[in-house]
Amino acid sequence: MIRNFESYVPKVHKSAYVDEQSSVIGNVEIGEDSAMWPHSVARGDINPIIIGKRTNVQDGSVLHVTHKSDYSQGFCVEIGNDVTIGHSVIVHACHIADRVLVGMGSIILDGSSIEPDVMIGAGSLVSPGKILKSGYLYLGSPVKQIRELTEKERNFLLYSAKGYVDLKNRYII
């Protein structure tokens with residue numbers, strides 16, 4: 001379902017795939033060759049959500065933002081290119097750069113920033129305001145830097161994104 005909210009109309013690139021069982025609401029942009037899989041939600045009602053190119057948001061994941069108030073400076077969601085958001089991930093009011101893999105069931109909270117070329121293991125919790133530096137594997141709750149990514153793992157980040165672009169193409173033919 002793609003639906004407007006107030007004056008906001010979602011912008012979905014013509015090559016993107018939004019499954020009929022997902023929800024894209026309001027101030028949301030979805031880039032070229034990206035995909036929103038079944039039961040994923042991008043709710044851009046109080047701040048924008050921007051999804052780059054070749055990025056996939058897998059089944060059951062939720063993307064949401066926070067508003068400016070006395071308690072928060074307010075944050076949008078920005079997700080870069082070639083990002084894989086695993087199943088049942090919560091992405092809340094944060095920034096995720098290019099070539100990132102977020103493992104299933106992870107939670108990324110307000111004001112956090114994930115630099116390029118990062119893997120976050122399944123079930124991890126990225127606490128508010130945390131910065132994950134480029135080139136590392138992170139695991140745990142709260143998340144901790146484990147080790148540098150191998151060359152094979154760095155290559156896998158693009159392999160994963162491309163695999164979901166290829167799968168998306170099979171759905172829209």
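In the predicted model, Asn 56 lies in strand S7, which comprises residues 56-57. With a relative accessibility of 1%, Asn 56 counts as buried, because burial is assigned under 20% relative accessible area. The side chain of Asn 56 is engaged in a polar contact with the side chain of Thr 84, at 3.2 Å. Leaving aside residues up to four places away in sequence, the residues touched by Asn 56 are Ala 35, Trp 37, Val 83, Thr 84, Ile 85, Ser 160, Ala 161 and Tyr 164.

Ser 160 and Ala 161, both among the contacts of Asn 56, are also among the buried residues of helix H1, which further include Glu 153, Leu 157, Val 165 and Lys 168. An α-helix has 3.6 residues a turn, so residues three or four places apart point the same way. Helix H1 covers residues 151-172, and for its 22 residues a span of 32 Å is expected at 1.5 Å a residue, which agrees with the 33 Å that separates its end C-alpha atoms.

Strand S7 belongs to an open sheet of eight strands, in which the pairing is mixed and the order is S3-S5-S7-S10-S13-S16-S19-S20. The edges of this sheet are formed by strand S3 (17-18) and strand S20 (144-148), each of which has a single partner strand, so that one side of each is left without a neighbour in the sheet. Strand S20 pairs with strand S19 (residues 136-139) in the antiparallel sense, over four bridges, and within this part of the sheet Tyr 136 stands opposite Glu 148 of S20.

Methods: Residues are numbered from 1 along each chain as its sequence is written. This is a predicted model: local features need pLDDT of at least 70, side-chain atom pairs count only at pLDDT 80 or more; totals for chains, interfaces and linings use all residues. Side-chain values use heavy atoms; hydrogens and water are left out. Helices (H or I, at least four residues) and strands (E, at least two) are DSSP runs, numbered from the N terminus. Buried means under 20% relative accessible area, exposed over 50%, partly exposed in between (1.4 Å probe, protein chains only). A polar contact is a pair of N or O atoms within 3.5 Å; within protein, one must be able to donate a hydrogen and the other to accept it, and residues adjacent in sequence count only if both atoms are side-chain atoms. Contact means heavy atoms within 4.5 Å. The expected span of a helix is 1.5 Å times one less than its number of residues. Two strands pair if DSSP finds at least two bridges between them.
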